[in-house]
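Me: I am new to reading protein structures, and I would like a close look at one part of this one: how strands pair with each other. Please set the scene first, then go slowly through the details.

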Amino acid sequence: MDIIFHQKEKIFQINTENTSYLMAVADERYLGHLYYGKRMEDYHGFYLLRTEEKPFVPSINLREKSAFLDAFPQEYSTWGVGDYRESCLNVRNSDGCLGCELLFDSYRIIDGKPALKGLPATFCGESKGKTLEITCVDPVLSLKVILRYSIFEDSDAIARSAEIINESGQILHIEKALSACLDMDNEAFDMITLNGSWGRERRIVRRPASLGRQSAASVRGESSHQEHPFMALVTPGTDQTQGEVYAMHFVYSGNFMAMTEVTQFDSLRMVMGIHPDNFDWELKPGNHFQTPEVIMVYSDEGLGKMTRTYHDVYRNHLIRSPYLHRPRPILINNWEATYFDFDSDKLLDIAREAKKAGIEMLVMDDGWFGHRDNDDSSLGDWFVNENKIKGGLKKLVDDVQSEGLLFGLWFEPEMISPDSLLYKKHPEWVISIPGRVPTQIRCQYVLDLSRPEVVDYAYEAVASILRSADISYVKWDMNRQLCDIGSTYLNRKNQGELLHRYTLGVYKMQERLITEFPNLLLENCSGGGARFDPGMLYYSPQIWCSDDTDAIERLAIQEGTALVYPLSVMGAHVSDCPNHAVGRVTPFATRGHVALAGTFGYELDITKISDEDRAQVKLQTAMYHQYNDLIREGDYFRIASWQENHLYDCWQVVSKQKDETLVTYVQVLSQPNFRSRKIKLAGLDPKGVYKLEDTGKIYSGEMLMNAGFLIQRKMGDFISDLYHFKQINC
Ligand code: DGJ
């Protein structure tokens, strides 16, 4: 790991263990992008800026500004002075004109990584890191932009962000401030994004990056079910093990935009940052604006290597929870068991039965407060409903604990029901446009978190309950997306700040929560997995993946999620059948194997399932304890995808020492007249000798990886199996 500035050639070189990133300062002081890819010691790539090539319009001047700028590989593109491609920074001056031009000014290289105030961001943790800060200026606007690039000694990821500083005496307006830009030549790239819907989050979508602009974006006030702040460009033929991958992932939970633009010269620009729609930040003289960070990963060994780089950088440099390296308590959540129809007796019945089966925590979900017996009331009125919870919350918590289980609680702190005492008292706390009746979604409004007293109220509502009883876990939910973007708190000229301030308000509350309750296990959630993003991982070590708990649907959701997220963060539970989202019936064992690839827990009424299923719960809780260390900490390999082959799914986790591996195989659809299926394992020690736990049979790592392992044919659909191999000393 190193960062060097080659003074004579004016070239910046960032080297991680396996990658290099090169930038150069052109004669006019424009900062240009030279190279991102496989690690190189040589850096003499100034010619790649093509500054001596004749521009595309007939001109005697090689450097006629627009012709030059519109083709120049910019390190951080700006709008308004001749580069017509997608910009990163748009600034409006006090005369109302939009235009910005950045020129290189200075740089510094520092040890470590500065925190980004108020924002989630990667940190060095236990390993060393370095940061390059490149300062560029717009002399006309007296605007300064600091581009930051941080690297860690144990990772190939690069964390990028930009800080924008107004050094003029006038008020400036930032109308767009993205975090990262990557200008390259097109190589017939495919673009990979994660798209979906409620119950269908983060499906892998692959399409050619074609001429013009293609994006992944959210303007819903959260990272969303629909699109995800991730984009990768891959060279033709890229699969799990081969091909070049250039990926960006955004450490942010609000509106975002990722854009790929293929240009007239067959060059390509990829950018990522806060979505510019409805964004307008007033930058007063002397003020700073910090963009959230983008985590860039390059892999020359296909998607698998990219995946493992993201998994490790998030586990080592983003998640702060004390639970990160601990098995999470196996929980049972009453949502799918009872929905709103429960009382403390019912919960205690569940707790008693759960304890017998090895479950360790009971989570009381939505419906315990105000007069909420449905989704149409009481959000904001965070006091316990004693008609349901007889004797109060502390009594219930104590009773559950005396049954031998920990206790967890659901909240939705950012929301307010029109039918609530809070709304009667503070209708002005709702995000809404004056004169317009705000749109209800799931019968609720959103609190205006740009208002400091609302952040304080919502925080205190949660914190005072947590202070009142021994609560080990909080599920922080958010069940609607934002619209009617208006605030009675912000001035006319600051309305364009609301969406970002809202996200900052969420971060502020969660930071306070984990500071005041450092041992709390926090799980984020948003109507399933609509705010499953690296930003939230900074606060919670796990996020609920999806409200679709069907094992077969989950294969696709969890495959897409695991493309960038470690298995230890994926909220996954076994639920009852027919499944509530799709009506499908799957074997109980398969549901267990699929949930095992996440945090693991239950979402069913254990008092009502069959004795046979209850007996399986006992086996599954033991299985979780047997494998969770490996699953939580190991390297993940995607072996086969039923989204591609339409028959079976297979993934593998290998311990970092390569002395153990767990293979999960799911036969989605059975075929007639078929023999065993050969699958090639990955990530093992080729010289290692491995014993398959169930059969005691011995295999060499070399044989398992190159020739493969035979999965015997199974009768029936949706059938799964685990194969656990341990290295033995011969
Ligand atoms: C959405 C969550 O994803 C569910 O698990 C549940 O908590 C409901 N909200 C409760 O309203």
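Reply: Happy to help! Let us begin with charge: the mean positions of the 78 positive and 102 negative charges of the protein are 1 Å apart. Here Lys and Arg are counted as positive and Asp and Glu as negative, while His and the chain ends are left out; each charge is placed at NZ of Lys, CZ of Arg, CG of Asp or CD of Glu.

Please keep in mind that this is a predicted model, where local features need pLDDT of at least 70 and side-chain atom pairs count only at pLDDT 80 or more, whereas totals for chains, interfaces and linings use all residues. Residues are numbered from 1 along each chain as its sequence is written, and side-chain values use heavy atoms, with hydrogens and water left out.

Now the whole protein. Its secondary structure comes to 14 helices and 39 strands, which are DSSP runs numbered from the N terminus (helices: H or I, at least four residues; strands: E, at least two). The radius of gyration is 27 Å, close to the 27 Å that the globule rule gives for 730 residues, so the protein is as compact as a globular protein of that length. That radius is taken over C-alpha atoms, and the rule is 2.2 Å times the number of residues to the power 0.38. Along the principal axes, the C-alpha atoms fill a box of roughly 85 × 70 × 45 Å.

Of the 730 residues, 64% are buried (buried is under 20% relative accessible area, exposed over 50%, partly exposed in between, with a 1.4 Å probe and protein chains only). Among contacts between residues at least 6 apart in sequence, 69% join residues at least 24 apart, where a contact means heavy atoms within 4.5 Å.

With the scene set, here is the part for our close look: an open sheet of nine strands with parallel pairing, in the order β29-β28-β27-β26-β23-β22-β21-β31-β30. Two strands are said to pair if DSSP finds at least two bridges between them. At the edges stand β29 (570–571) and β30 (574–575), each of which pairs on one side only.

Let us zoom in on β22, residues 361–364, which pairs with β23 (residues 406–411) in the parallel sense over four bridges. Two positions show how they line up: Met361 has Leu406 of β23 as its bridge partner, and Val363 stands opposite Gly408 in β23. β22 also pairs with β21 (residues 331–333), in the parallel sense over three bridges. There, Leu331 has Met361 of β22 as its bridge partner.

Where do the side chains of β22 point? Met361 and Val363 point one way, Leu362 and Met364 the other way, and all are buried. This fits a general pattern: in a regular strand the side chains alternate between the two faces of the sheet.

Back at the edge strand β30, the loop between β30 and α11 (588–596) holds Pro578. A cis peptide bond joins Cys577 and Pro578, with omega about -5 degrees.

For another kind of pairing, turn to β11, residues 190–195. Six of its six residues are buried: Asp190, Ile192 and Leu194 on one side, and Met191, Thr193 and Asn195 on the other. β11 pairs with β12 (residues 203–208) in the antiparallel sense over six bridges, and Ile192 stands opposite Arg206 in β12. Three bridges also join β11 to β14 (residues 230–234), again running antiparallel; here Met191 stands opposite Leu233 in β14.

The loop between β11 and β12 contains Arg202. This residue has a positive phi, near 50 degrees, although it is not a glycine. Arg202 counts as buried because its relative accessibility is 2%.

Asn278 makes a handy comparison. It lies in the loop between β17 (267–274) and β18 (281–283), and it too is a non-glycine residue with a positive phi, about 60 degrees. At 42% relative accessibility, however, Asn278 counts as partly exposed.

One last loop residue is Gln712, between β38 (709–711) and β39 (719–728). Gln712 is exposed, with a relative accessible area of 51%. Along the sequence Gln712 and Arg675 are 37 residues apart, and from C-alpha to C-alpha they are 7.1 Å apart in space.
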